[in-house]
Amino acid sequence: MITNERYFSLLSSGIERGSLPRLKVAMECIRADYVKGKVEQGHLDPKLVRMKSMGLMVSQGLVDVRGKDDLTPIMWACMVYRQMTLAGDHEGARAVDAIADWLLQEQASVGAQGGR
């Protein structure tokens with residue numbers, strides 16, 4: 001489990017705006033930052049990072065990064081979806097549904113338990 005408020009904030013912003021392209025860009029930036037940090041700390045060989053698959057493997061857990069409230073992006077997407085549905089924002093709900101679909105394709109954990 002990775003807890004990083006900055007990373008979660010970037011992802012939650014894309015979710016709240018209902019912008020899948022923005023979420024994808026944020027995830028790419030987060031993954032690059034995370035891998036760079038691992039290389040700088042000496043935990044990862046810079047030669048291995050040149051392989052895209054290695055970078056993805058090392059950073060796969062970031063799809064479940066948690067914020068200070070112990071929420072994951074998929075949990076946040078579900079909450080935003082519910083809010084939009086209750087508010088009658090069907091277009092926004094569809095956009096967040098597409099985001100949730102993408103998060104699941106990225107292997108987001110639906111069984112993650114927060115601090116509730």
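Start with the crossing of α1 and α5, which is right-handed (clockwise turn of the near helix from the far one by less than a right angle; anticlockwise would be left-handed). This is a predicted model, where local features need pLDDT of at least 70, side-chain atom pairs count only at pLDDT 80 or more, and totals for chains, interfaces and linings use all residues. Residues are numbered from 1 along each chain as its sequence is written, and side-chain values use heavy atoms, with hydrogens and water left out.

**Stop 1: α1 and α5**

Helices here are DSSP runs (H or I, at least four residues), numbered from the N terminus. Select α1 and α5: they pack at an angle of about 30°, with their axes 10 Å apart. Axes are lines fitted to C-alpha atoms over the stretch in contact, and angles run from 0 to 180 degrees between N-to-C directions. The two helices are therefore roughly parallel to each other (angles under 35 degrees).

Now show side chains. F8, L11, S12, I15 and E16 in α1 meet P73, W76, A77, V80 and M84 in α5 (contact means heavy atoms within 4.5 Å). By class, this contact has eight nonpolar residues, one polar and one charged; Ala, Val, Leu, Ile, Met, Phe, Trp, Tyr, Cys and Pro count as nonpolar, Asp, Glu, Lys and Arg as charged, and the others as polar.

**Stop 2: I15 and the core**

Which residues does I15 touch, not counting those up to four places away in sequence? They are L23, P73, W76, A77, V80, V96, I99 and L103.

I15 is also among the residues with the most contacts inside the largest nonpolar core, along with L11, L23 and L103; this core has 25 residues. Such a core is a set of buried Ala, Val, Leu, Ile, Met, Phe, Trp, Tyr and Cys residues joined through side-chain atoms within 4.5 Å, buried being under 20% relative accessible area (1.4 Å probe, protein chains only). Colour the core by helix: α1 (5–17), α2, α5 (73–86) and α6 each supply at least two residues, and α6 gives the most, with six.

**Stop 3: α2 and α6**

Next, select residues 20–40 (α2) and 90–105 (α6), which pack at an angle of about 30°, axes 10 Å apart. That makes α2 roughly parallel to α6. Their crossing is right-handed. L20, L23, K24 and M27 of α2 make the contact with A98, I99, W102 and L103 of α6: seven nonpolar residues, no polar and one charged.

**Last stop: C78**

Finish in helix α5 with C78. Is C78 buried or partly exposed? C78 is partly exposed, at 46% relative accessible area (the class between buried and exposed, the latter being over 50%). Draw a C-alpha to C-alpha distance from C78 to S9: they are 16 Å apart in space and 69 residues apart in sequence.

Technical notes:
Parallel < 35°, antiparallel > 145°, perpendicular 65-115°, else oblique.
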